[in-house]
Protein chains: 2
Amino acid sequence: MTFIPPLDAMFLASETREHPMHVGGLHIFRLPDDAPADYVQSLHQRLLECTELAPMYRRKPSWPGALGAVRWTDDEDVDLDYHVRLSALPRPGRVRELLALVSRLHATLLDRHRPLWEFHLIEGLDDNRFAVYVKVHHALTDGVNAVRNTLRMLSPASTGELRALWSPGPRPTLALDTPAGATAPLARAGALARNLAGVLPTVAGVAVRGIRNLDAALPFSAPRTPLNRPLTGARRFAAQSWSIERIKLVAKRYDATLNDVVLAMCSGALREYLRNEDELPSRSLVAAVPVALPRSDGDGNAVTMVLCRLASEVADPAERLARIQASMLAAKDMMRGRTPLQLSTIGMLTSIGPSGLNAIPGFAAAAPPPYNVVISNVPGPRERLFWQDAELEGWYPVSMPIEGQSLNITVLSYGDNLEFGLIGCRRNVAHLQRLLGHLEASLAALEAA
Amino acid sequence: MTFIPPLDAMFLASETREHPMHVGGLHIFRLPDDAPADYVQSLHQRLLECTELAPMYRRKPSWPGALGAVRWTDDEDVDLDYHVRLSALPRPGRVRELLALVSRLHATLLDRHRPLWEFHLIEGLDDNRFAVYVKVHHALTDGVNAVRNTLRMLSPASTGELRALWSPGPRPTLALDTPAGATAPLARAGALARNLAGVLPTVAGVAVRGIRNLDAALPFSAPRTPLNRPLTGARRFAAQSWSIERIKLVAKRYDATLNDVVLAMCSGALREYLRNEDELPSRSLVAAVPVALPRSDGDGNAVTMVLCRLASEVADPAERLARIQASMLAAKDMMRGRTPLQLSTIGMLTSIGPSGLNAIPGFAAAAPPPYNVVISNVPGPRERLFWQDAELEGWYPVSMPIEGQSLNITVLSYGDNLEFGLIGCRRNVAHLQRLLGHLEASLAALEAA
């Protein structure tokens, strides 16, 4: 039995039916050329025989007392048949049907009486493909560790050996892109905050720096938009790949980082989306950008947040990118030299804190949103990968909206692509699919500008 | 905006992730002979065009204040695409895969920001069949009304006209079997209890009668069994049809009601199940048997409960049936002459009340269970029915386990069959499928005795 660190525990404590606190991944695989008709079904059977589980996949929460005393216990009798599920797409089995299924699966809560993960094999995808959707509670892992864990079942070449996500074994040594959101390790964050005592002075410090630096986004200063209405339980998911080469060329041309260009794509897309809804605010949208902290080999969360003004009120795409660059530089400058305690508490306040406060009836309606949208960039593998004999064609992150923040855009680098996964509240982001077209238009505008 | 009656509101208030408070139905249809490959897909498309909704399917709860003030509001912009879903079974598409899917779908909570129902079309069922799984919140309807509502979309002959479950229209006049659990209308229950003031004297009265009559089951006197462990969120569902003719022959032979024989089948099956687990208690299991009250044309709940000793400790099947008959007669005798207020409050205490109390940590562990299992008998149509041009082959109720009561057996009469739907907690009733075999053996033993 082990204690759950406070940040991880907050992901459990603040979970409601309106905001399940799990993160996921959607993987699209190509069937091998000679795959029999029951390939996926027999894969499912063989996975059910992988009954040895790494510790993370055996952990379930227990509640012996107050919040501070939440613990992980080891489930010694994991019901693998519950966690590893076989599903199928209805005809005609396009990516559209796949996204609809993932939207539904991602909206349901994990069972807290069991280890907090599900693994879905999905057959019936057109063009000789199949899919895997994985869902893990955020209390167990953040996006970076989720990617690392998934790498365990993958290899750089087709192989006869089947490895299960949950099988014990060392983390692979595959090359990962450096976190695009962070220019350099910000601090050593081996020990997470053990209490909230240091929070207020730190946040006050951030606020003072923010006032002195107009490019830095202050917490609680974002405009109100439909994205910040109270969250409902249903979800919409959309996914698409963009070539890293294209984005790199734009970055080079404007002397920006890859992440700056991703933020500019999102800003342009959100500007267009909100304009079409006649809801574009006159002040800039504010994005929360998770930044990975240097991490040990453990699981759990090692992430903080910076806030970035997206310059969404600016019509010119080049000017918008320049302002985003300035805002990100200011944010990183503000973070430099902070202690791990300060960084993780800032992260807590800007991400989980408000969502906790929003659970208080009337808070979301009364207080301005701390930010409008979460845009996250997770480093992934540079090599093309295989699961057994099936090539991994696409790997899309499925993150989570939280109360008052109805949209999350998470980007993962895989091979030559940046894989965008957009997850939103079904009611508040009713035309979420349109954002894919707007993202492309936004990148094209930067190329043409 | 209308107030929600207290019993209906309690189904909302006492709902948690461990016990979703919705009821459902699984319908198996035969595809017409000339059905094209996209029959189910095109049915889905046409259903999405049925945008006129009867009031019940537009209702969503709103929470302006305390429990007493819970209201229904009318959703004027129902997102039909959310409620009406197309799914598919993985290969090989047997009833086994269907039951696995229904187990999963039934375990997820309804979104309270929307009208509280889902309608799932399921393709890929073998033997030229398809299925419909419907899920409606118990605050909107009880089992009897759910059947009546479903009849709206069905007709006694194949027809070219497609009727949607949610379309407005009068209730059909098809013949329904009389509720097998009730011998005669017990009382006029037009107005449900508006407060709990009259509860305690009524329950005390029941207890006194119970003490004087040893055949009557007292509340809070059931033995502890694995069925009464704390509920988890995951479910198992099993379903099977039995010929009414067979059951009627047994009933006639023992001068019992059809419902007595159903209870005896369940008792024998549970006895065998618990014996195999080495968990059969020496005292009799107690079943809660919902009894329909005379009802107006409205929706909502009009049900109370009687408790029945199942004589599960008795080895002889004929003797077991005789004891069940005696216990049911005593229970009905106890109910006679009670006012609607008394009947509905008894129902509340024996069904929802304990589950409310069980939400208090430690209560379930400290107090003996009020009963061990719910066995419900819902009257259905005597005629074979069609949905448009597809014949309805099977119609299985999917009810709900509640905290401390991990198994619910609901039986529906349809045509020449009694359709058994067994829904249980996946952990506490780990071998639920085996109950089907035990039910058959139990009926056969009564035939042979």
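In this predicted model, a convenient place to start is Arg129(A), whose side chain forms a salt bridge with Asp126(A), the closest N and O atoms lying 2.7 Å apart. Side chains of opposite charge can pair when their charged atoms come close. The two partners sit in differing surroundings: Arg129(A) has a relative accessibility of 15% and so counts as buried, because the limit for that word is under 20%, whereas Asp126(A), at 26%, counts as partly exposed.

Arg129(A) also appears among the contacts of another residue, Ile28(A), which belongs to strand E2, a run of residues 22-30 in chain A. Ile28(A) is buried, with a relative accessible area of 6%. If its neighbours within four places in sequence are set aside, the residues in contact with Ile28(A) include Leu98(A), Leu125(A), Phe130(A) and Ala131(A), and also Glu391(A), Leu392(A) and Tyr396(A). Leu249(A), by comparison, is 221 residues away from Ile28(A) along the chain, and the C-alpha atoms of these two residues are separated by 27 Å.

A further salt bridge joins Glu118(A) to Lys135(A), where the closest N and O atoms are 3.6 Å apart. Glu118(A) lies in strand E6 (residues 117-125) and Lys135(A) in strand E7 (residues 129-137), so this pair ties together parts of chain A that are 17 residues apart in sequence. Both charged residues are shielded by the protein in the sense of the accessible area: Glu118(A) is buried at 3%, and Lys135(A) counts as buried at 0%.

What separation in sequence does the salt bridge between Glu447(A) and Arg246(A) span? Their side chains meet at 2.9 Å, taken from N to O. Because Glu447(A) lies in helix H12 (residues 434-448) and Arg246(A) in helix H7 (residues 244-253), the pair ties together parts of chain A that are 201 residues apart in sequence. Glu447(A) is partly exposed, with a relative accessible area of 31%, and Arg246(A) is partly exposed as well, with 24%. Salt bridges that share partners also build a network, which joins Asp79(A), Asp81(A), Asp111(A) and Arg114(A) with Arg236(B) and Arg426(B).

The helices that hold Glu447(A) and Arg246(A) can be looked at as a pair in their own right. Two packed helices are described by the angle between their axes and the distance between the axes. The axes of H7(A) and H12(A) come within 10 Å and cross at roughly 45°, and the two helices are therefore oblique to each other. Their crossing is left-handed. On the side of H7(A) the contact is made by Arg246(A), Ile247(A), Val250(A) and Arg253(A), while H12(A) contributes residues including Leu443(A), Ala444(A), Leu446(A) and Glu447(A).

Stepping back to the whole of chain A, its secondary structure comes to 12 helices and 15 strands, and buried residues make up 60% of its 449 residues. Of the contacts in chain A with a separation of 6 or more, 79% are accounted for by residues 24 or more positions apart. Over all chains, a search of the whole structure finds 48 salt bridges.

Finally, the two chains can be compared. Chain B can be laid on chain A with an RMSD of 0.0 Å by a turn of 180° and a shift of 0.0 Å along the axis, and the two copies are thus related as by a two-fold rotation axis. The same surface serves both copies, since 100% of the contact residues of chain B recur in chain A.

Definitions and conventions: Residues are numbered from 1 along each chain as its sequence is written. Chains are lettered from A and ligands numbered from 1 in the order in which they are written. This is a predicted model: local features need pLDDT of at least 70, side-chain atom pairs count only at pLDDT 80 or more; totals for chains, interfaces and linings use all residues. Side-chain values use heavy atoms; hydrogens and water are left out. A salt bridge is a side-chain nitrogen of Lys or Arg within 4 Å of a carboxyl oxygen of Asp or Glu. Helices (H or I, at least four residues) and strands (E, at least two) are DSSP runs, numbered from the N terminus. Buried means under 20% relative accessible area, exposed over 50%, partly exposed in between (1.4 Å probe, protein chains only). Copies are superposed by least squares on the C-alpha atoms of residues with pLDDT of at least 70 in both. Contact means heavy atoms within 4.5 Å. Axes are lines fitted to C-alpha atoms, for helices over the stretch in contact, and angles run from 0 to 180 degrees between N-to-C directions. Angles under 35 degrees count as roughly parallel, over 145 as roughly antiparallel, 65 to 115 as roughly perpendicular and the rest as oblique. A crossing is left-handed if the near helix is turned anticlockwise from the far one by less than a right angle, and right-handed if clockwise.
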